[in-house]
Amino acid sequence: MDLFTRYAMVAGLLMMAMLSAIPSIQAGDPPASGDALEIEITKKGLGKQVVISQGTKEWFMLIDVTSENSVVVRQEKDRDQYLLDESETHDRPMTQGEVDAAIADYINSVKTRVKTP
């Protein structure tokens, strides 16, 4: 084996060792700074609720679906102070796909807002 081949093999092994020491980061992971986001999704009848927390902050969304309508509640608070408390009523029941999409959009919205520049 010539010197160049040996050098290339050693360089390749060093590169693999360095890369394996770096923690993997997946798309959509919460930012590394501060506390990580904790996300809990719970099925509630025909709807769902999600509670997202990070340190003293908490985001909450409930989608309550009945045979006649859907109610969406969003809340955001820091410690015991509510920063947002809103609800909306839709005059028809949301489908399971619409509920899942709304929950996913809300989670992505919170993840986007907590990212630091």
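User: What share of the 117 residues in the protein chain is buried?

Analyst: Good place to start! Please keep in mind that this is a predicted model. In the protein chain, buried residues account for 24% of the 117 residues. As for the surface, the chain exposes about 8300 Å², and 57% of that is supplied by carbon and sulfur atoms.

User: Which helices and strands should I look for, and in what pattern do they follow along the sequence?

Analyst: Look for two helices and five strands in the protein chain. Reading along the sequence, you meet them in the pattern α-β-β-β-β-β-α.

User: How do I read a sheet, and what order do the strands have here?

Analyst: The general idea comes first. Strands in a sheet pair through hydrogen bonds of the backbone, and the pairing is either parallel or antiparallel. In this model, five strands make an open sheet in the order β1-β2-β3-β4-β5, and the pairing is antiparallel. At the edges are β1 (38-44) and β5, each of which pairs on one side only. On average, neighbouring strands of the sheet are turned by 10° against each other, with direction ignored.

User: How many bridges join β1 to β2?

Analyst: Seven bridges join β1 to strand β2 (residues 47-54), and the two run antiparallel. To find one of these places in the structure, start at Glu-40: its bridge partner in β2 is Val-51. The two strands form a hairpin with two residues between them. In that turn, Gly-45 has a positive phi of about 60°.

User: And how many bridges join β4 to β5?

Analyst: Nine bridges join β4 to β5, and these strands run antiparallel. Lys-77 is a handy landmark, with Tyr-82 as its bridge partner in β5. Here again there is a hairpin with two residues between the strands, β4 and β5. Arg-79 sits in the turn and has a positive phi of about 60°.

User: Which way do β3 and β4 run, parallel or antiparallel?

Analyst: β3 and β4 run antiparallel, joined by nine bridges. You can check this pairing at Asp-64, whose bridge partner in β4 is Val-71.

User: Now for charges. How many salt bridges are there?

Analyst: The general idea is that side chains of opposite charge can pair when their charged atoms come close. In this model the count comes to six salt bridges. One of them joins the side chains of Lys-57 and Glu-76, at 3.2 Å from N to O. Lys-57 lies in strand β3 (residues 57-65) and Glu-76 in strand β4 (residues 70-78), so this pair ties together parts 19 residues apart in sequence.

User: Are Lys-57 and Glu-76 buried or exposed?

Analyst: They fall into separate classes. Lys-57 is partly exposed, with a relative accessible area of 26%. Glu-76 counts as buried because its relative accessibility is 11%, and the cut-off for buried is under 20%.

User: Which residues meet Arg-74 in salt bridges?

Analyst: Glu-86 is one partner: its side chain meets that of Arg-74 at 3.4 Å, N to O. This pair links distant parts of the chain, with Arg-74 in strand β4 and Glu-86 in strand β5 (residues 81-90), 12 residues apart. Glu-88 also meets Arg-74 in a salt bridge, at 3.2 Å from N to O. Glu-88 lies in β5 and Arg-74 in β4, so the pair ties together parts 14 residues apart in sequence. There is also a network to trace: salt bridges that share partners join Lys-57, Glu-76 and Arg-113.

User: How accessible are Arg-74, Glu-86 and Glu-88?

Analyst: Arg-74 is buried, with a relative accessible area of 19%. Glu-86 is partly exposed at 35%, and Glu-88 counts as partly exposed at 31%.

User: Let's finish with one residue. Where is Ser-70 found, and what does its side chain reach?

Analyst: Ser-70 is found in strand β4. Its relative accessibility is 0%, so Ser-70 counts as buried. The side chain of Ser-70 reaches the backbone nitrogen of Met-94 at 2.7 Å. Leaving aside neighbours within four places in sequence, Ser-70 is in contact with several residues, including Asp-64, Val-65, Glu-88, Thr-89 and Met-94.

Methods: Residues are numbered from 1 along each chain as its sequence is written. This is a predicted model: local features need pLDDT of at least 70, side-chain atom pairs count only at pLDDT 80 or more; totals for chains, interfaces and linings use all residues. Side-chain values use heavy atoms; hydrogens and water are left out. A salt bridge is a side-chain nitrogen of Lys or Arg within 4 Å of a carboxyl oxygen of Asp or Glu. Helices (H or I, at least four residues) and strands (E, at least two) are DSSP runs, numbered from the N terminus. Buried means under 20% relative accessible area, exposed over 50%, partly exposed in between (1.4 Å probe, protein chains only). A polar contact is a pair of N or O atoms within 3.5 Å; within protein, one must be able to donate a hydrogen and the other to accept it, and residues adjacent in sequence count only if both atoms are side-chain atoms. Contact means heavy atoms within 4.5 Å. Two strands pair if DSSP finds at least two bridges between them. Axes are lines fitted to C-alpha atoms, for helices over the stretch in contact, and angles run from 0 to 180 degrees between N-to-C directions. Accessible areas come from the Shrake-Rupley method with a 1.4 Å probe; for residues, only the protein chains shown count as cover.
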